[in-house]
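Visitor: Please show me the structure, and then let me ask a few things about it.

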Amino acid sequence: MTATPAWPPQSAPRLYVETALGEGVSVAVDGNAAHYLISVMRVKADEIVLLFDGASGEWAAKARDIRKRDLVLECVAQTRPLETTPDFWLCVAPIKKGRIDLIAEKACELGVARLQPVLTRRAVVDKLNLDRLRAHLVEAAEQCGRTALPELSEMMKLDALLRDWPNGRHLFFADETGGAPIAEALTAHKGPAAFLVGPEGGFDPAERDAIRAHPAAVPVSLGPRILRAETAAIAATAAWMTLNGDWAKE
Ligand code: SAH
C-alpha cells in the first residue's frame with residue numbers, strides 16, 4: 001500500500017490576502033509578500049501557497065508567472081472552511097510598543113475574536129498605531145493557521161466602552177486589588193465574554209468603581225502577584241479559552 005502524500009504540502013507558505021478567494025480566483029502578489037514567497041521561501045512555478053482572506057476559509061493556490069518582484073497565485077481547491085472563532089473580546093489599555101505588539105500576536109494565536117483598545121486615565125500611551133497592530137495580527141494568523149482574522153477596533157475611552165456595552169456579554173474585569181478566583185468566575189459565567197485589562201499604572205479608584213458598578217462586570221483576580229499588563233492579558237485569555245473557549249474541543 002502506498003502512502004498518500006500529504007496535500008497540500010505541510011511546508012507550503014501561508015499568506016493573508018485582501019482579495020476575496022474562490023475556485024479559479026487569481027491573486028496578483030507584489031511587495032513584501034512577493035519578496036517573502038520568491039526570495040525567502042523560494043517558491044517555484046506550480047508550487048502551492050495557502051491563502052486566506054478572513055472570510056472564505058483557506059485555499060491552496062498554485063504559483064505562476066513568477067518574476068523578480070511579483071507573482072500570481074491561482075486558487076485550485078479549498079483546504080479548510082472558515083473557522084468559528086470563540087466569542088471572546090480582549091479589551092486592553094494601550095501600553096508600550098513592543099508590549100502591545102506582543103498582546104496582539106498572542107491574542108491572535110489564542111483565538112481572540114476581537115481586540116479592543118481602551119483608553120484609561122493612567123495609560124502612559126495615548127496613541128496607538130493600528131496599522132502596526134494589524135500587521136502583527138495578520139502575521140500571527142498566517143503563522144498559527146487561523147482562517148479568520150481577529151477584528152481590531154479603534155481605541156475607545158473606558159466610559160464610552162461601559163456606556164455602549166452590549167447586552168448579554170460578560171465583562172470580566174482583571175482587578176489587581178482582588179476579585180473572584182478566575183476559575184470560579186468563568187465557570188459561573190458562560191457565553192459571550194470580554195476581558196478588560198488595565199495599563200501599567202492600573203485603573204484609578206473612580207474607574208474601578210465605575211467598572212464594578214456595571215451590570216455586566218465580573219471582577220476577577222489573577223492570583224496573588226501583580227502581573228504586567230501583557231502577562232495579565234495573555235493569561236486571562238488562556239484561562240477563558242481553557243474553561244469557556246475552544247481548547248476543550250477535539
Ligand atoms: N500598577 C498597578 C498594577 C497594574 S498591572 C499596581 O501596582 O497596582 C496591569 C493590569 O494587569 C491591571 O490593571 C489588571 O487589569 C491586570 N492585573 C495584573 N495583576 C493582576 C492580578 N493579580 N489580578 C487581576 N488583574 C491583574
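Here are some questions and answers on the cores and the ligand.

Visitor: Which element gives the most to the largest nonpolar core?

Guide: This is a predicted model. Its largest nonpolar core has 37 residues, and F88, L90, V92, F172 and F195 are those with the most contacts inside it. Several elements supply at least two residues each, including β6, α2, β12 and α7. The one that gives the most, with 7 residues, is α7.

Visitor: Which residues of α7's stretch, 229-243, is L90 in contact with?
Guide: Leave aside the neighbours of L90 within four places in sequence. L90 is then in contact with I103, A107 and F195, among others. The helix α7 spans 229-243. Two contacts of L90 have numbers in that span: A233 and T237.

Visitor: How many residues are in the second, separate core?
Guide: In soluble globular proteins, nonpolar side chains tend to be buried together. Here a second, separate core includes L15, V17, L21 and L37. Its residue count is 17.

Visitor: Which residue has a polar backbone atom 2.6 Å from an oxygen atom of the ligand?
Guide: Of the 19 residues around the ligand, A174, E200, L222, R225 and L227 come nearest. Backbone N or O atoms of L222 and L227 lie 2.8 Å and 2.9 Å from a nitrogen atom of the ligand. The contact at 2.6 Å, to a ligand oxygen, belongs to A174.

Visitor: How much of the ligand's accessible area does the protein cover?
Guide: The shell around the ligand divides into 10 nonpolar, 5 polar and 4 charged residues. On its own, the ligand has 560 Å² of accessible area. The part covered by the protein is 84%.

Note on methods
Residues are numbered from 1 along each chain as its sequence is written. This is a predicted model: local features need pLDDT of at least 70, side-chain atom pairs count only at pLDDT 80 or more; totals for chains, interfaces and linings use all residues. Side-chain values use heavy atoms; hydrogens and water are left out. A nonpolar core is a set of buried Ala, Val, Leu, Ile, Met, Phe, Trp, Tyr and Cys residues joined through side-chain atoms within 4.5 Å. Buried means under 20% relative accessible area, exposed over 50%, partly exposed in between (1.4 Å probe, protein chains only). Helices (H or I, at least four residues) and strands (E, at least two) are DSSP runs, numbered from the N terminus. Contact means heavy atoms within 4.5 Å. A residue is near a molecule or strand if one of its heavy atoms lies within 4 Å of it. A polar contact is a pair of N or O atoms within 3.5 Å; within protein, one must be able to donate a hydrogen and the other to accept it, and residues adjacent in sequence count only if both atoms are side-chain atoms. Accessible areas come from the Shrake-Rupley method with a 1.4 Å probe; for residues, only the protein chains shown count as cover. Ala, Val, Leu, Ile, Met, Phe, Trp, Tyr, Cys and Pro count as nonpolar, Asp, Glu, Lys and Arg as charged, and the others, Gly among them, as polar.
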